[in-house]
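Work through these exercises with the structure at hand. Try each task before you read its solution.

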Amino acid sequence: MVLLEEFRQFLGSVKTSESISNELRKAISVETGLEKALADALLAGRDVIIAGSAGGGKTHLLGTLADSAPGQLPRFIGWPSEVEPADAPFIRVVSDATAIPSVARREMFERRPSNCVAVAIAINEGPLLSLAHEQVDSAYAKAVKILHAAQRGISLPSDISAPVILDVGGYDPIENNVIAKLLGLELVRDLVEVQACTCSNRDTCFRRRAWDLLKSDTVRKKANDLLRVVNMRGQSVLFRDLWDFVADVVLGGSCQGNPPTSAWFWRMFYGDNTLSERLREIADPALVIYPRAEAHIWYGDWKSSELELEPGIELIEIDAANDLDSERYRWVKSQIFFLVRSASATHVLRDLVDLQLIKALETNDVISIVRTLNSYMTYGTILPKETWLELWTDLGVEKRTDRPKGQASLGTIPAADLILQRSLAVANHPDPQQKLYGSRHFLVHRKAAVDKQASFALSPEVLNLLQGGRSYRTADRPHTDLEWHLGRFFASLADAAESTDQLDVMEIDFKSMTGSIGSYRIAKELSRIEPLGRVR
Amino acid sequence: MSITEVRQVLLPQNPFTLGKYSSRPAPQHVLNGFIARSIGISDRGVEIRHLISDGPMPSGFRFVDEANWKNDPAKVSSLRNDLKHVFDPDHRTWKDFGSPVIVHSLLANSDPSDQNFGPLIWELMKKSAATEYENNLKALFIPTTIRDPLTACAMILVEGASLERVRGGSTSTSNWYSDPTNLAGALLGSRLSKFLEGLTRPIEGPKRLLQIQHLERGLYLTVILSLMLGPLTYVAGNQVESVDEIGSMVVWAESPPGRMGHPMVSASVRSLQLLIEKVRVALSLSLANALAAQPIPSGLPENQKLRFALAEQLGLPAAEANEIIDRLCEDAKVSSDARPGDRAWSTQVVDSSFTADELTKGLRHMGNKIGFIGPGRGGGAPRFVCETPILGTLVAGLCPVDGVEFSEFVDRARQELGLIFGPGTNDNLADYLDLWEGSGVGGRILRDNQEVLRRRLVRAGLAREYSDGHTEVIYDA
């Protein structure tokens, strides 16, 4: 009970990762992949910088490693508070560089005795950036360069003089199935069981009965997969966000409400936590249509064979004597969302969220992205190229109601020279196979030198705009921003393309939404401009 | 209304005042005027105008004369139309006058539509910019390598052309940016020129075209800031250390134009109104002081003193000056025998041409062209806004090459250009803006506005947000 109480305090943010007991740390630790990356780097004698923000899990990661690998790694000695041994090998650990005075912070790598095999520093990005600015040739400066490249999906060449980078802030716990692991923790289940509830017995307690559904690996996996939709928002999910989410689904809501708000599947969508807030901006379970089962759901016909549930799963029924009202209908559909037989949670959402481009990212389908970009830039009026990305621009400056009717091309880039990359949570690691990804996706020009590669962030918002088609009204500001971003990306690509021998000019008629492209051969040496034809 | 005469009489102290057709000058005009004054005017300007306008097909272009398609009207028409899209995207070029986009300095025209603002900004740069500025400008507009098809095409258009002369016209040297006694004017001049220096960093390759667009937008913004802040340097005193102490503009950072009733939108509206009132007061004060300072010969009859002072102010022979003075007095309905330095007289002269409505209308027209003042039309009160392209130009002009921390960027916008997006590192900023009844409320509104700006910068790829909430504005050339 002591452990459960401490866990409850941790979930309530009364206790932080720095102040919990080793026993609790062990009980709530799940394998993320970062532990191995950290251990391997330290075993190889490499310094490590664990970057991220407060609540990102940096301290927890160091603590977990200290607890779980005794004997395998040299002793962890806290710096600057602990006395470093005279002879025995040790690892200097700065568990929270942000908390130490800035003068001391500059010396974290300094005055290390020969028996200090490595230094591991957990630090927020802001202070790390300050250190890099102060000491331009330092390990901090190298770390920032590697970190920023990794955040754009670019892996710089290995540099053993620079620290290994673990970007906890950019790590994607959802992609690595961490939610499913957390929801399956024994301690979490125990807490649900002892959670004070007004229900007279367990059989009528919606919170506990609903939690039983999570014993199924399939259901837990679906819960995790659903939150991948949150990733489509493109914002990093912190470990603190995860724990706030767990706290809310375990402890939040009430069984007495109508519908009962204590069930985890309800809280997934309508809970009071950041992840649920982000999720309900994108997905509404009430809008998911199950064609054959819809009427049965509405009339409370729970036993209908049309409700094809996952094997071994039983629906938790709700009183539907007087038909369902909209809230109770939502409650049932929230539950069915996880229980219905389907390929994946996102598959269920396919009518709600257009996943075509998301899928292109997942399958590394550059052609689809290039085709979408070409189509977007030509307002969908001209059959888009698939194997070449056309780099459109216009030299206009004045703001008008409509966008310019004419655009000129700075050249083209073969789609084969572009790749889709994900942000990296581990960089400059001694083991090049050590790959952990973040949640951001980028279209990157791989032909340029690594540190000069142009990259374009394919955030969910960008994908939605690209998919929806370009607006010719300048008042549609999201498109104005996107064009601005694309214009800079295209100019960077054109820098590498250096194509000067063909000029394409596109003209769009916004009234009829038709377009044409005039092409000209440019021969500067001969002073010739030769019309090549017009495509409509 | 005698705006021409009023402008003339204000000119020595206030080179930047709105002209008769305040809606006419456009960014392309100002860029042409700037290049025509600094580097020179192309002797092919007329033919290029004809080529990309509806005028008769000009001769003298080798790429046309030697082409086998020159007798195919459809191809010729199609090419001319496409060249217009490339080199006149803002539709500022006609057969008889015009300003194309200057991809190469040999495209520069001398177009009076800029109302002399282009040459004036060049004079400012000559006075305040670093010595290498002119070389940087030439490096930007006279490319030595061709790395994109637009530049290649421009090079063919200007083949055989030369720069015949720089654009002439008078620009007073005794004005707010070169008067050694006006320290606020010197500060404003140096900050504006520093901003333009940032936008003139020579860049090679296709990104050069982005830089030219930045400079075009930046020049135009500098004109607007000069119109609003230039006159205020006379009342700002000599202790100012940053431009917002001369005059500040509270800018709505969310997508323009913003909803009326939002406290930040109201503040931005009020900020523009206050600034315009201050400009009117400053113009009349500078005129009164200038006339009072003219050395009047002893023994001159009282009723001749103002006429004498005005002639001196205009720097013209008596007969020529008298014609202007007569028109001025008639149109402004003022007497020509008032005392030089009479504030009421000066105020009436300024009011005759620069009413609050006229100034607002003119600045709104200009500001809207680059998305700095909006809405462009309709009933909504005009306010300071920031469309994404001008935001990009601010970043390009204010941000050092290695980037800058976001709150420092906000400080720079305020200190260098007088633009207030938020408190930056000055938590007490709301106290002295005097736009809200409580500074606590004002502080919160400003902080919210600053956060909106931060998000917009990130969204537009102009800033990078790190996982601990830290944001760095990036200069990405």
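**Exercise 1. Place B:Glu312, and decide whether it is buried or exposed.**

Start with the element. B:Glu312 sits in helix H12 of chain B, residues 302-314. Keep in mind that this is a predicted model. Next, count neighbours. B:Glu312 has 19 C-beta neighbours inside 10 Å. A buried residue needs 20 or more, and an exposed one has 12 or fewer. B:Glu312 therefore counts as partly exposed. Last, look at B:Leu291. B:Glu312 and B:Leu291 are 21 residues apart in sequence, and their C-alpha atoms are 8.5 Å apart in space.

**Exercise 2. Describe chain B as a whole, and test its radius of gyration against that of a compact globule.**

Begin with the elements: chain B holds 19 helices and 9 strands. Then take the extent. The C-alpha trace of chain B spans about 75 × 65 × 45 Å along its principal axes. Now run the test. For 477 residues, a compact globule would have a radius of gyration near 23 Å. Chain B has 24 Å, so the value agrees. Turn to burial: 55% of the 477 residues of chain B count as buried. Finish with contacts. Take those in chain B between residues at least 6 apart in sequence; 73% of them join residues at least 24 apart.

**Exercise 3. Give the matching description of chain A: elements, extent, burial and contacts.**

Chain A has 21 helices and 14 strands. Its C-alpha trace spans about 85 × 75 × 35 Å along the principal axes. Of the 536 residues of chain A, 47% count as buried. For contacts in chain A with a separation of 6 or more, 66% come from residues 24 or more positions apart.

**Exercise 4. Find how many residues each chain brings to the contact between chains A and B, and which element of chain A supplies the largest share.**

Count first. Chain A gives 47 residues and chain B gives 52 residues. Then list the elements of chain A. Those that each supply at least two residues include helix H6 (125-134), strand E7 (406-414) and helix H21 (477-497). The largest share on the chain A side is 9 residues, from H21(A). Now sort by class: the side of chain A that touches chain B has 15 nonpolar, 19 polar and 13 charged residues.

**Exercise 5. Work out how H6(A) and H7(A) are oriented, and what class of residue makes their contact.**

Take the geometry. H6(A) packs against helix H7 of chain A (residues 139-151) at an angle of about 125°, with axes 7 Å apart. Angles of 65 to 115 degrees count as roughly perpendicular, and those over 145 as roughly antiparallel. H6(A) and H7(A) are therefore oblique to each other. Their crossing is left-handed. Name the residues next. A:Leu128, A:Leu129, A:Leu131 and A:Ala132 of H6(A) meet A:Tyr140, A:Ala141, A:Ala143 and A:Val144 of H7(A). By class, that contact has 8 nonpolar, no polar and no charged residues.

**Exercise 6. Repeat the analysis for H9(A) and H10(A).**

Helix H9 of chain A (residues 186-194) and helix H10 of chain A (residues 206-213) pack at about 155°, with their axes 9 Å apart. That angle makes H9(A) roughly antiparallel to H10(A). H9(A) passes H10(A) in a left-handed crossing. From H9(A), A:Arg189, A:Val192 and A:Glu193 meet A:Arg207, A:Arg208 and A:Trp211 in H10(A). The classes here are 2 nonpolar, no polar and 4 charged residues.

**Exercise 7. Locate the cis peptide bond from A:Trp79 to A:Pro80 and the one that joins B:Pro256 and B:Pro257.**

In chain A, the bond from A:Trp79 to A:Pro80 is cis, with omega near 5°. A:Pro80 lies in the loop between strand E2 (75-78) and strand E3 (90-94) of chain A. In chain B, the cis bond between B:Pro256 and B:Pro257 has omega of about 0°. B:Pro257 is in the loop between strand E3 (249-250) and helix H11 (263-293) of chain B.

**Exercise 8. Decide whether A:Arg111 is buried or exposed.**

Check the backbone: phi of A:Arg111 is near 45°, a positive value in a residue other than glycine. A:Arg111 lies in the loop between helix H5 (102-105) and strand E4 (116-124) of chain A. With 7 C-beta neighbours inside 10 Å, A:Arg111 counts as exposed.

Note on methods:
Residues are numbered from 1 along each chain as its sequence is written. Chains are lettered from A and ligands numbered from 1 in the order in which they are written. This is a predicted model: local features need pLDDT of at least 70, side-chain atom pairs count only at pLDDT 80 or more; totals for chains, interfaces and linings use all residues. Axes are lines fitted to C-alpha atoms, for helices over the stretch in contact, and angles run from 0 to 180 degrees between N-to-C directions. Helices (H or I, at least four residues) and strands (E, at least two) are DSSP runs, numbered from the N terminus. Angles under 35 degrees count as roughly parallel, over 145 as roughly antiparallel, 65 to 115 as roughly perpendicular and the rest as oblique. A crossing is left-handed if the near helix is turned anticlockwise from the far one by less than a right angle, and right-handed if clockwise. Two residues are in contact if their C-beta atoms, placed from the backbone, lie within 7 Å. Ala, Val, Leu, Ile, Met, Phe, Trp, Tyr, Cys and Pro count as nonpolar, Asp, Glu, Lys and Arg as charged, and the others, Gly among them, as polar. The radius of gyration is taken over C-alpha atoms; the globule rule is 2.2 Å times the number of residues to the power 0.38.
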